[in-house]
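This report describes a single protein chain for a reader who works at the bench. Please keep the sequence and the model in view while reading.

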Amino acid sequence: MKLVKSIKSREEQTFELIFRRYYVRLCSFANKFIHDTAESEEIVQEAFLSIWKKRDRLNLDDDIRPYLFKSVQNLCYNFLEHQKVEEKYYQVIEIAYRNQKEDFHTFESVLYSELQVKVDEAIDSLPQKCREIFCLSRFEGLKYAEIAEKLHISVKTVETQMSRALVTLRRELSDYLVIIILILLQK
């Protein structure tokens, strides 16, 4: 009772004494509810801060202990309720993100399909020998010397034809350059 009256009369040493006496027990008590040591300590500190702010209006009988434990218990319940709300919020965000990601992949697939058609058209527009050399290089992975040997032409001819093919493709696909870069960056 004397301690309670001392708190009401703003004696900081009394408040500190109560804090030291109950802090560890209250943290342990809070941790039984929320299973998080750091949050338990925050809750107990919040309870003590609340008591200090309301010390003039407190209506405590003989013992402050039940009031402390009840305050911590209520703060734990509030914390748990807030966690539930937060968890639901994160679930909604995750669902929205997942849907957005799926939508993006659908959009990306459409762009990729459109780009593939344009690339095929650009390759088909190449002169026959130029197209053959390009396809052997890019799709079959042959080196210039291997292409030259296979087609019975010089390596210099392969280089010239590849250069022409790349210039033509670059010109034909210039409108799709941004899409190509975006697709390459996604991988």
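Where is the place of serine 40? In this model, which is predicted, serine 40 has its place in helix α3. Serine 40 is buried, with a relative accessible area of 1%, and, when residues up to four places away in sequence are not counted, serine 40 touches Cys27, Ala30, Asn31 and Ile34. Those four residues, Cys27, Ala30, Asn31 and Ile34, are listed among the residues of α2 that meet α3, and it is to this pair of helices that the report turns after a word on the chain.

**The chain**

The chain holds eight helices and zero strands, and, read along the sequence, it follows the pattern α-α-α-α-α-α-α-α. Of its 187 residues, 28% count as buried. Among contacts between residues at least 6 apart in sequence, 61% join residues at least 24 apart.

**Helices α2 and α3**

Two packed helices are described by the angle between their axes and the distance between the axes. Helix α2 comprises residues 12-34 and helix α3 residues 37-53, and their axes come within 8 Å and cross at roughly 140°. The two helices are therefore oblique to each other, and α2 passes α3 in a right-handed crossing. On the α2 side the residues that meet α3 include the aromatic residues Phe15, Phe19, Tyr22 and Tyr23, together with others such as Ile18, Leu26 and Cys27. On the α3 side they include Ser40, Ile43, Val44, Phe48, Ile51 and Trp52, as well as Glu39 and Glu41.

Between these two helices lies a loop, and histidine 35 is found in it. Histidine 35 has a positive phi of about 55° although it is not a glycine, and at 65% relative accessibility it counts as exposed.

**Cysteines 27 and 76**

What is the count of disulfides? The count comes to zero. Cysteine 27, which is among the α2 residues that meet α3, is in no disulfide, and the nearest cysteine sulfur, that of cysteine 76, is 9.8 Å away. Seen from the other side, the sulfur of cysteine 76 has its closest cysteine sulfur in cysteine 27, and at 9.8 Å this is too far for a bond, because a disulfide calls for a pair of cysteine sulfur atoms within 2.5 Å. Cysteine 27 counts as buried at 11% relative accessibility, and cysteine 76 counts as buried at 0%.

**Helix α5 and the loop after it**

Which residues of helix α5 are buried? In this helix, residues 128-138, the buried residues are Cys130, Ile133, Phe134, Leu136 and Ser137. Seen down the axis of α5, the buried residues fall within an arc of 165°, so they line one face of the helix.

Two of these residues, Cys130 and Ile133, are in contact with glutamine 161, as is Lys129, when the neighbours of glutamine 161 within four places in sequence are left aside. Glutamine 161 is found in helix α7 and counts as buried at 14% relative accessibility.

Glycine 141 lies in the loop between α5 and α6 and is exposed, with a relative accessible area of 52%. Not counting residues up to four places away in sequence, glycine 141 touches Leu136 and Glu146; Leu136 is one of the buried residues of α5.

**Helices α6 and α7**

The axes of helix α6, residues 144-151, and helix α7, residues 155-172, come within 8 Å and cross at roughly 110°. The contact is made by Tyr144, Ala145, Ile147 and Ala148 of α6 and by Val155, Val158, Glu159 and Met162 of α7. These helices are therefore roughly perpendicular to each other, and α6 passes α7 in a right-handed crossing.

In the loop between α6 and α7 is histidine 152, a residue other than glycine whose phi is near 60°, a positive value. Histidine 152 counts as exposed at 72% relative accessibility.

**Accessibility of the residues discussed**

The table gathers the values for individual residues.

| Residue | Relative accessibility | State |
|---|---|---|
| Cysteine 27 | 11% | buried |
| Histidine 35 | 65% | exposed |
| Serine 40 | 1% | buried |
| Cysteine 76 | 0% | buried |
| Glycine 141 | 52% | exposed |
| Histidine 152 | 72% | exposed |
| Glutamine 161 | 14% | buried |

Terms used: Residues numbered from 1 in each chain as written. Predicted model: local features only at pLDDT ≥ 70, side-chain atom pairs only at ≥ 80, totals over all residues. Heavy atoms only, no water. Buried < 20%, exposed > 50% of the residue type's maximum accessible area, 1.4 Å probe, protein only. Arc of directions from axis to C-beta. Axes fitted to C-alpha atoms, helices over the stretch in contact; angles between N-to-C directions. Parallel < 35°, antiparallel > 145°, perpendicular 65-115°, else oblique. Left-handed = near helix turned anticlockwise from the far one by under 90°. Contact = heavy atoms within 4.5 Å.
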